[in-house]
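Hi,

Here is the structure I promised to pass on. Have a look at it first, and then read my notes underneath.

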Amino acid sequence: MDSNEIPERVASPPDLEPCPCCGRTFVLETLVKHQKICEKNANKQRKVFDTSKKRLSDLGIDQIEKSSKPLPPSKKKNNWRQKHEDFIEAMRSAREVTHAMKTGAPLPTPVSQKPRVNPDYVQCPSCSRHFNESAAERHIPWCKEKSKRIGAPEKKKEQLNTKTKVAINIL
Ligand SMILES: [Zn+2]
Ligand SMILES: [Zn+2]
């Protein structure tokens, strides 16, 4: 009887059954053990997948896209703001240059060299521009005199207009 069993085993390959979950083939005994583990794993994966799918449908794809995107646009906004500030700063310093040329005050340091917000800068009470200490010392009394000559501080706009006209003439 023994002699019959051995050639049978060799002749017919062991019963291999495919796992319904992963499709891998196992010997029946192993498959039973494997299938339990494999089904658990598959269920876990399915559960995660399903909940995420439900979340997608509950919130709406648009909202998720928006909520997942906010970082890049805010960065862009910051960049844009900084660029805008740089531009304004450049314009301001350009105006300061013409202003300084007229007043004889030292030219303001270029934008790239001077810090964005310098707490040491003095604000001119007449034209509310910021100057470094040495420039403010010369500018503020000059600016006061000028605003006195022109008249009340309400006429600041006129003052600005004449200034821009002068600047245009210079250019
Ligand atoms: Zn499996
Ligand atoms: Zn001034």
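Counting up the secondary structure, the chain has six helices and four strands. Keep in mind that this is a predicted model. If you walk along the sequence, the elements come in the order α-β-β-α-α-α-β-β-α-α.

What about burial and contacts? The chain has 171 residues, and 6% of them count as buried. As for contacts with a separation of 6 or more, 19% are between residues 24 or more positions apart.

The helix I spent some time on is H5, which covers residues 133–150. With 18 residues at 1.5 Å each, H5 should span 26 Å, and its end C-alpha atoms are 25 Å apart, so the two values agree. There is still a bend in H5, of about 30° at His-139, and Pro-141 follows within four residues. His-139 turns up again on the list of buried residues in H5, together with Ala-135 and Cys-143.

There is also something from the records. An unreviewed UniProt entry carries the annotation "domain: C2HC/C3H-type", and it covers residues 15–44 and 120–149. Here is how those two stretches come out in the model:

- Residues 15–44: the chain is 57% helix and 20% strand, with the end C-alpha atoms 29 Å apart.
- Residues 120–149: the chain is 57% helix and 13% strand, and the end C-alpha atoms are again 29 Å apart.

That's what I have for now. Happy to go through it with you.

Cheers

Methods:
Residues numbered from 1 in each chain as written. Chains lettered and ligands numbered in written order. Predicted model: local features only at pLDDT ≥ 70, side-chain atom pairs only at ≥ 80, totals over all residues. Helix = DSSP H or I, 4+ residues; strand = E, 2+ residues; numbered from the N terminus. Buried ≥ 20, exposed ≤ 12 C-beta atoms within 10 Å, placed from the backbone. Contact = placed C-beta atoms within 7 Å. Expected span 1.5 Å × (residues − 1). Bend = angle between axes of the 7 residues up to and from the residue. UniProt positions renumbered as here; feature names shortened; annotations may be inferred.
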